[in-house]
Amino acid sequence: MSLAGKVAIVSGAAQGLGRAFAERLVQEGMKVLAFDVKDEVNSIEGATCVIADVSKRADVERVIAQAADMGDLAVLVNNAGTWRKTPVDSAWEQALADWDFIMDTNLKGVLMLSRAAVPHLRAAGGGHIVNISTYYVLPAKSDGTNQPDTDLYNASKWALNGFTDAWAKYLEKDNIRVNGMCMGAVDTPMLRGLFPDNELPAEMKAVVMQDSVIAQQMMDIIESGRTGENFGAWVGEPVTIGEQPPLHKRITG
Ligand SMILES: NC(=O)c1ccc[n+]([C@@H]2O[C@H](COP(=O)([O-])OP(=O)(O)OC[C@H]3O[C@@H](n4cnc5c(N)ncnc54)[C@H](O)[C@@H]3O)[C@@H](O)[C@H]2O)c1
């Protein structure tokens with residue numbers, strides 16, 4: 001299925017991975033609706049740029065209506081994600097505020113944007129949903145690297161597997177493919193924010209993955225036509241989509 005001239009939506013596209021995904025889809029000749037809560041989204045060349053918050057239902061409906069006016073929807077990239085430390089012994093009120101902060105974007109936002117997009121993907125004869133997760137959720141290779149003080153971020157990314165798995169199965173009849181992308185460290189503002197002065201340590205700088213490489217992996221996933229998988233990208237290894245694993249390993253690696 002040729003993507004040129006069809007519509008793609010990318011959430012959280014002002015910077016980092018989302019920006020790279022949006023720019024890559026523009027290169028592919030798609031009409032890209034890129035949105036973010038940050039104004040910087042407006043500088044993506046060749047895209048229709050929108051200020052919108054994926055955790056707000058009215059914003060999601062506005063984004064989907066605008067995308068529908070642009071033509072046939074073929075790709076949705078659920079990229080917007082947020083992060084903060086959430087130690088398990090934090091104050092009760094803090095824990096509940098952290099829950100809303102992380103889950104409203106990382107899960108409810110994905111749920112709302114995807115459910116609103118599905119009728120349009122279906123009407124266009126099928127398409128692709130890509131859920132941006134993390135390497136933590138591929139235990140076969142990540143060697144238990146969930147960070148102990150980010151339980152809610154970890155939980156939100158594990159929960160995406162449930163969406164990916166169920167939606168891939170349910171939507172196969174409509175020719176809608178649903179996959180997860182599970183990357184290790186990529187050089188983005190989110191990663192840099194973990195370090196003093198936003199500077200990556202030298203040893204990380206030497207191996208960190210680039211967003212354009214992950215964006216190419218996304219294109220490879222879409223072009224493969226595969227569905228219901230979590231694709232890993234590992235620091236220090238070539239970024240590929242690999243052989244299709246047996247069914248029982250497609251989500252967990
Ligand atoms: N960078 C990494 O190493 C890495 C590794 C694994 C997974 N990820 C995931 O990749 C995705 C992108 O990460 P990144 O590193 O580019 O992060 P980033 O923080 O640099 O960029 C995320 C973008 O999402 C936007 N955003 C956040 N909440 C939003 C909301 N409610 N509505 C609309 N936009 C919103 C932010 O404004 C920001 O522009 C995230 O889901 C993240 O969890 C990143």
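Where is the place of Asn198? In the loop between α6 (189–192) and α7 (202–205), and some notes on that loop and the rest follow.

1. Ground rules. This is a predicted model, where local features need pLDDT of at least 70 and side-chain atom pairs count only at pLDDT 80 or more, while totals for chains, interfaces and linings use all residues. Residues are numbered from 1 along each chain as its sequence is written. Helices (H or I, at least four residues) and strands (E, at least two) are DSSP runs, numbered from the N terminus.

2. The α6–α7 loop. Asn198 has a positive phi of about 55° although it is not a glycine, and Asp197, which lies in the loop between α6 and α7, also has a positive phi of about 55° without being a glycine. On burial, the cut-offs are 20 or more other C-beta atoms within 10 Å of a residue's own for buried, 12 or fewer for exposed, and partly exposed in between, with C-beta atoms placed from the backbone. Asp197 counts as exposed because it has 5 C-beta neighbours inside 10 Å. Asn198 is exposed too, with 10 other C-beta atoms within 10 Å.

3. Around the ligand. The shell has 28 residues, and Gly12, Gly16, Gly81, Thr188 and Met190 come nearest (a residue counts if its C-beta atom, placed from the backbone, lies within 6 Å). The elements giving two or more residues to this shell are α1 (16–27), α3 (92–123) and α6. By class, expect 12 nonpolar, 13 polar and three charged residues. Here Ala, Val, Leu, Ile, Met, Phe, Trp, Tyr, Cys and Pro count as nonpolar, Asp, Glu, Lys and Arg as charged, and the others, Gly among them, as polar.

4. Helix α5. The 21 residues of α5 (residues 151–171) should span 30 Å at 1.5 Å a residue, and the end C-alpha atoms are 30 Å apart, which agrees (the expected span is 1.5 Å times one less than the number of residues). Its buried residues are Leu152, Tyr153, Ser156, Lys157, Leu160, Thr164, Trp167, Ala168 and Leu171. They cover an arc of only 145° around the axis, taken from the directions from the helix axis to the C-beta atoms, which puts them on the same side of α5. They pack against α3, β5 (127–132), β6 (176–183) and β7 (230–233), a contact being two C-beta atoms, placed from the backbone, within 7 Å. The face turned away from that buried side carries the exposed Gly162, Ala166, Lys169 and Tyr170.

5. Helix α8. In α8 (residues 211–224), the buried residues are Asp211, Ile214, Ala215, Gln217, Met218, Ile221 and Ile222. Their arc around the axis is only 155°, which puts them on the same side of α8. Their packing partners are α1, β4 (73–78), β5, β6 and β7. Right after α8 comes Gly225, with a positive phi near 75°.

6. The core. Of the 64 residues in the largest nonpolar core (buried Ala, Val, Leu, Ile, Met, Phe, Trp, Tyr and Cys joined through C-beta atoms within 7 Å), Ala8, Val10, Ala34 and Ile214 touch the most other members. The largest share, seven residues, comes from α3. Ala8 touches Leu25, Met30, Val32, Ala74, Val75 and Val77, not counting residues up to four places away in sequence.

7. Val7. This residue sits in strand β1 (residues 7–11) and counts as buried, with 27 C-beta neighbours inside 10 Å. Leaving aside neighbours within four places in sequence, Val7 has contacts that include Met30, Leu33, Ala67 and Leu73.
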